[in-house]
Amino acid sequence: MANELDETKEVANEEGRDAFVIEKQLPVQKSTSATVLYVICWVLGIIPGLIWFFKKKKVMAELQATQQKIQAQASQIDNYMEQRVVILQNAAKLLDKAIDLDKDTLTSIAAYRSGQNKASSDDALRNEISTKIDNIERNVQLAFESYPNLQAHNEIADCLQQNSYLQKEITAARELYNDAVLSWNTKIQQWPIYVQVASKAGYTTRIPFSTSKAVKEQARGTFF
């Protein structure tokens, strides 16, 4: 039998291909076969029916626990992002005293610090807020790099170092969050009991965290 994918014969994409997270929540479709199987268990007798019933209860408890885990991981990301806003606010204030920093940057930071744009439990909104905070950081960093004499300012350098540390923590927290989301998205599609429970509860897939456009552009840049 020939190889299904043959790198010596198939046409390769020499330009490469970028990966993007599709922000779409897919509802779990009701499984007729799972429902039929559930009915058959009861037809066969009360014991098979009760076994199925208690398995459904166990699955529901497991899915609810997974939801709580996702919420906990998301809350951790929110905490780190809030700390980043505080650090960037401090850096922006120090820069503003030394140079004429873009007022839009200061306004954006103030809005996030006051809670107007605090992240919610919505996956897509959390991604959007993270992207905006990345853009704020980029403005502060560009302002800092544009004035070499400021790089000797210990307080500003310390703020940016703390911001770098928090970004690493956010990256680690995102990985844990995405692991929890992957576990959820995998479980709710398992046939037959998980699918039956998830579809009846109206569950949908969750959206993993994604990298902002600004960060992707920076990653393609030349650093050395």
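A residue counts as buried when its relative accessible area is under 20%, as exposed when that value is over 50%, and as partly exposed in between. Keep this in mind for the exercises below, which all use a predicted model.

**Exercise 1. Get an overview of the fold.**
Work out which secondary structure elements the protein chain contains and in what pattern they follow one another.

*Solution.* Start with the elements: the chain has seven helices and zero strands. Next, read along the sequence, and the pattern is α-α-α-α-α-α-α. Then turn to burial: of the 224 residues, 37% are buried. Finally, look at the contacts with a separation of 6 or more: 79% of them come from residues 24 or more positions apart.

**Exercise 2. Classify the pair F53 and F54.**
Decide how the rings of F53 and F54 are arranged, and whether each residue is buried, partly exposed or exposed.

*Solution.* A search of the whole structure gives five aromatic pairs. In the pair F53 and F54, the ring centres are 5.4 Å apart and the planes stand at 75 degrees, so the pair is edge-to-face. The step rests on two cut-offs: centres within 6.5 Å make a pair, and planes over 60 degrees apart make it edge-to-face. Now the surroundings: F53 has 31% relative accessibility and is therefore partly exposed. F54, at 52%, counts as exposed.

**Exercise 3. Place the pair W184 and Y203.**
Find where W184 and Y203 lie in the chain, and say whether they are buried or exposed.

*Solution.* First the geometry: W184 and Y203 are edge-to-face, with 5.0 Å from centre to centre and 65 degrees between the planes. Then the location: W184 belongs to helix 5 (residues 154–187), while Y203 sits in the loop between helix 6 (193–201) and helix 7 (213–219), so the pair ties together parts that are 19 residues apart in sequence. Last, check burial. W184 has a relative accessible area of 1%, so W184 is buried. Y203 is buried because its value is 14%.

**Exercise 4. Explore the surroundings of Y38.**
Identify the aromatic cluster that includes Y38, and the charged end that sits over the Y38 ring.

*Solution.* Y38 forms one aromatic cluster with W42 and W52. Over the ring of Y38 sits the charged end of K56, 4.4 Å from the ring centre.

**Exercise 5. Follow A74 across the sequence.**
Find which helix holds A74, and how far A74 is from A173 in sequence and in space.

*Solution.* A74 is part of helix 2 (residues 46–98). Its relative accessible area is 3%, so A74 is buried. A74 and A173 are 99 residues apart in sequence, yet their C-alpha atoms are 8.1 Å apart in space.

Key: Residues numbered from 1 in each chain as written. Predicted model: local features only at pLDDT ≥ 70, side-chain atom pairs only at ≥ 80, totals over all residues. Heavy atoms only, no water. Phe/Tyr/Trp six-rings, centres within 6.5 Å; stacked < 30°, edge-to-face > 60°. Buried < 20%, exposed > 50% of the residue type's maximum accessible area, 1.4 Å probe, protein only. Helix = DSSP H or I, 4+ residues; strand = E, 2+ residues; numbered from the N terminus. Lys NZ or Arg CZ within 6 Å of the ring centre and 35° of its normal. Contact = heavy atoms within 4.5 Å.
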